[in-house]
Amino acid sequence: QPQGPSAVFDQPLLLTSAGQSPDVQLAVVLAKRAGLEHTLAKMAEAKDLAGAKTLGVVVGASLKGLGAAGIDTAKEKERVRALLAEAAAKGIPVLFLHLGGDQRRGELTDAMVADTLPSARLAVIVKSADKDGLFSRLCKDKGIPLVAVEKTADAAEVLKSAFKPKA
């Protein structure tokens with residue numbers, strides 16, 4: 001079982017989507033399993049960072065999800081960029097999650113990955129998504145630790161160890 005760095009993040013965790021895929025719900029399940037204090041705001045904006053100690057960005061684009069949220073790709077990218085900028089300004093570290101495996105890859109998701117991954121302190125992905133080495137390359141270039149798990153469920157343990165216990 002791949003181990004990520006331990007105790008790099010503080011709770012509570014604010015989870016948001018980059019791309020509005022249903023994968024963000026998987027992240028909620030993982031955070032629960034890991035026993036983390038967390039909040040979900042699929043369309044989080046700067047104000048939602050109040051009280052958060054870590055920002056978890058669940059990357060996966062879904063045109064259906066974007067349509068249901070009533071936004072287009074450009075708006076979503078803009079929201080995510082602004083959120084990452086605010087997190088950086090506030091010194092809130094970013095946890096990057098890509099949980100959909102190779103099915104959750106494509107032009108739109110890859111563009112979101114390129115936008116968000118460089119801001120991360122840690123990236124956790126399902127291994128099948130990295131067949132072409134996109135995540136490995138970006139993480140290596142930016143010096144970001146990458147943990148690739150076989151199954152989404154395995155990410156719960158990685159999350160558990162990546163967070164400091166609640167004070």
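In this predicted model, helix 3 and helix 4 pack at an angle of about 20 degrees, and their axes lie 10 Å apart. Because angles under 35 degrees count as roughly parallel, helix 3 is described as roughly parallel to helix 4. Helix 3 passes helix 4 in a right-handed crossing. On the side of helix 3, the contact is formed by Thr73, Glu76, Lys77, Val80, Arg81 and Leu84. Helix 4 contributes Leu108, Ala111, Met112, Asp115 and Thr116 to this contact.

Helix 4 also has a second helical partner. Helix 4 and helix 5 pack with their axes 11 Å apart, at an angle of about 15 degrees. That angle makes helix 4 roughly parallel to helix 5, and the crossing of this pair is right-handed. Here Asp110, Val113 and Ala114 of helix 4 meet Leu134, Phe135 and Leu138 of helix 5.

Which residues of helix 4 are buried? They are Thr109, Met112, Val113 and Thr116. These residues cover an arc of only 105 degrees around the axis, and therefore lie on the same side of helix 4. The elements that cover them include helix 3 and helix 5, together with strand 1, strand 3, strand 4 and strand 5. Two of these buried residues, Met112 and Thr116, take part in the contact with helix 3, whereas Val113 belongs to the contact with helix 5.

Val113 leads on to the interior of the model. In soluble globular proteins, nonpolar side chains tend to be buried together. The largest nonpolar core in this model has 28 residues, and those with the most contacts inside it are Leu55, Phe96, Val113 and Leu117. Two or more residues of this core come from each of strand 1 (13–18), strand 3 (54–59), helix 3 (73–90), strand 4 (94–98), helix 4 (107–116), strand 5 (120–126) and helix 5 (134–142). Leucine 55 illustrates how distant parts of the sequence meet. Not counting residues up to four places away in sequence, leucine 55 touches Leu13, Leu14, Thr16 and Leu49, as well as Leu83, Leu84 and Ala87. Its other contacts under that count are Ile92, Pro93, Val94 and Leu95.

Apart from this core lies another, of 25 residues, among them Val24, Val147, Val158 and Phe163. Val158 is also one of the buried residues of helix 6 (155–162), the others being Ala155, Ala156, Leu159 and Ala162. They cover an arc of only 160 degrees around the axis, so they are on the same side of helix 6. The elements that cover these buried residues include helix 1, strand 4, strand 5 and strand 6 (146–149).

How do helix 1 and helix 6 lie relative to each other, and how near do their axes come? The axes come within 8 Å and cross at roughly 60 degrees, which means that helix 1 is oblique to helix 6. The crossing of helix 1 and helix 6 is right-handed. Leu30, Ala31 and Arg33 in helix 1 meet Ala155, Ala156 and Leu159 in helix 6. Those three residues of helix 6 are among its buried ones.

Leucine 30 also serves as a reference point for serine 136, which is placed in helix 5. The two are 106 residues apart along the chain, and their C-alpha atoms are separated by 22 Å. Serine 136 is partly exposed, with a relative accessible area of 33%. Leaving aside residues up to four places away in sequence, serine 136 touches Asp130 and Leu146.

The backbone, finally, has several notable places. Most residues other than glycine have a negative phi, and most peptide bonds are trans. A cis peptide bond, with omega about 0 degrees, joins glutamine 11 and proline 12. Proline 12 is in the segment before strand 1, and alanine 7 also lies in that segment. Alanine 7 has a positive phi of about 55 degrees although it is not a glycine. Its relative accessible area is 34%, so alanine 7 counts as partly exposed.

Glutamine 20 likewise is not a glycine and has a positive phi, here of about 60 degrees. This residue is found in the loop between strand 1 and helix 1 (23–33). Is glutamine 20 buried or exposed? Its relative accessibility is 8%, and glutamine 20 therefore counts as buried.

Technical notes:
Residues numbered from 1 in each chain as written. Predicted model: local features only at pLDDT ≥ 70, side-chain atom pairs only at ≥ 80, totals over all residues. Heavy atoms only, no water. Helix = DSSP H or I, 4+ residues; strand = E, 2+ residues; numbered from the N terminus. Buried < 20%, exposed > 50% of the residue type's maximum accessible area, 1.4 Å probe, protein only. Core = buried A, V, L, I, M, F, W, Y, C linked by side-chain atoms within 4.5 Å. Contact = heavy atoms within 4.5 Å. Arc of directions from axis to C-beta. Axes fitted to C-alpha atoms, helices over the stretch in contact; angles between N-to-C directions. Parallel < 35°, antiparallel > 145°, perpendicular 65-115°, else oblique. Left-handed = near helix turned anticlockwise from the far one by under 90°.
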